[in-house]
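Morning, everyone. I have two short items today, a single residue and then a cavity. Let me put the structure up.

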Amino acid sequence: MRVLVVEDEKSLSEALCSILNKNKYDTDAAYDGEEGLLYAASGIYDVILLDVMMPKMNGFSMLKELRAQKITTPVLMLTALSQPADKVKGLDFGADDYLAKPFDTEELLARIRALTRRGGEYREDTLSFGDIVLHLSGYRLECAGKSVKLSGKEYDIMRYLLERPTFVAEKEELINKVWGWDNDFESNNLEAYMSFIRKKLSFLGAHVTVSAVRGVGYQLTEKNG
């Protein structure tokens, strides 16, 4: 799961990213509203943590523009502006939640978890397709009672594919989602990760595999027979 932190105070941004990384979130950081909008408009993030008082473009303006572009990524506003009128303004512009600084780390993490629940409802701790099950909290892939541990990136890839099993994941989109928007990862190296995943699926005896769609990307498919 990838979180964008838009905060101009670098020490706080680094602290937030450190907390999130320790809790198994991948993070990218932007230090002003214009940069944050550029990152957020990629649509690769699961949650955006957004400060209000920033250079170039403040958080309210960034949020308003983001929603105007039909980007629906959940936004949690983090700000010292704690007056009711400020909260109302942020919520009216499209924020999903509002947390005043200073804040408790556990409350921040709880609010992030709440924002990532689909449709505001409790989400099961697994994703499945065909005869395979991915355990979200344990990085385990399971099939017919047999399981195997996934590496961090293998898990991110499988989660991305299992969240949209009927779609073909484009290579660039998948790389941006797993390695971040500003990455230097070579697309031809992605096949190596797919090979690792296919071997683990084969080890499990799964009827599911990851198929390459020539010139486009990858898709989960079920083997015949």
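Where is E154 found? In helix α6, which covers residues 152–162. Before going on, please keep in mind that this is a predicted model.

Is E154 buried or exposed? Its relative accessibility is 5%, and buried means under 20%, so E154 counts as buried.

Next, the surroundings of that side chain. A polar atom of the E154 side chain lies 2.9 Å from the backbone nitrogen of S151. Leaving aside residues up to four places away in sequence, E154 touches F196, I197 and K200.

That is the residue. Now the cavity.

How many cavities of 30 Å³ or more does the structure hold? The count is 1. The volume of the largest cavity is about 110 Å³.

Which residues line the largest cavity? From the start of the chain there are M1 and R2, followed by D26 and D46. Further along the sequence come D156, R159, Y160 and E163, and the list ends with K177 and V178.

By element, α6 and α7, the latter being residues 171–179, each give two or more residues to this lining. The most comes from α6, with 3 residues. So the helix that holds E154 is also the one that gives the most to the lining of the largest cavity.

And how does the lining divide by residue type? There are 7 charged residues and 3 nonpolar ones, with no polar residues.

That's what I have. Thanks.

Technical notes:
Residues numbered from 1 in each chain as written. Predicted model: local features only at pLDDT ≥ 70, side-chain atom pairs only at ≥ 80, totals over all residues. Heavy atoms only, no water. Helix = DSSP H or I, 4+ residues; strand = E, 2+ residues; numbered from the N terminus. Buried < 20%, exposed > 50% of the residue type's maximum accessible area, 1.4 Å probe, protein only. Polar contact = N/O pair within 3.5 Å; in protein donor to acceptor, adjacent residues only side chain to side chain. Contact = heavy atoms within 4.5 Å. 1 Å grid on protein atoms, 1.4 Å probe; cavity = no way out; pocket = protein on both sides within 12 Å on 5 of 7 lines; lining within 4 Å. Points joined across faces, edges and corners; volume = space filled by probe spheres on them. Nonpolar A, V, L, I, M, F, W, Y, C, P; charged D, E, K, R; others polar.
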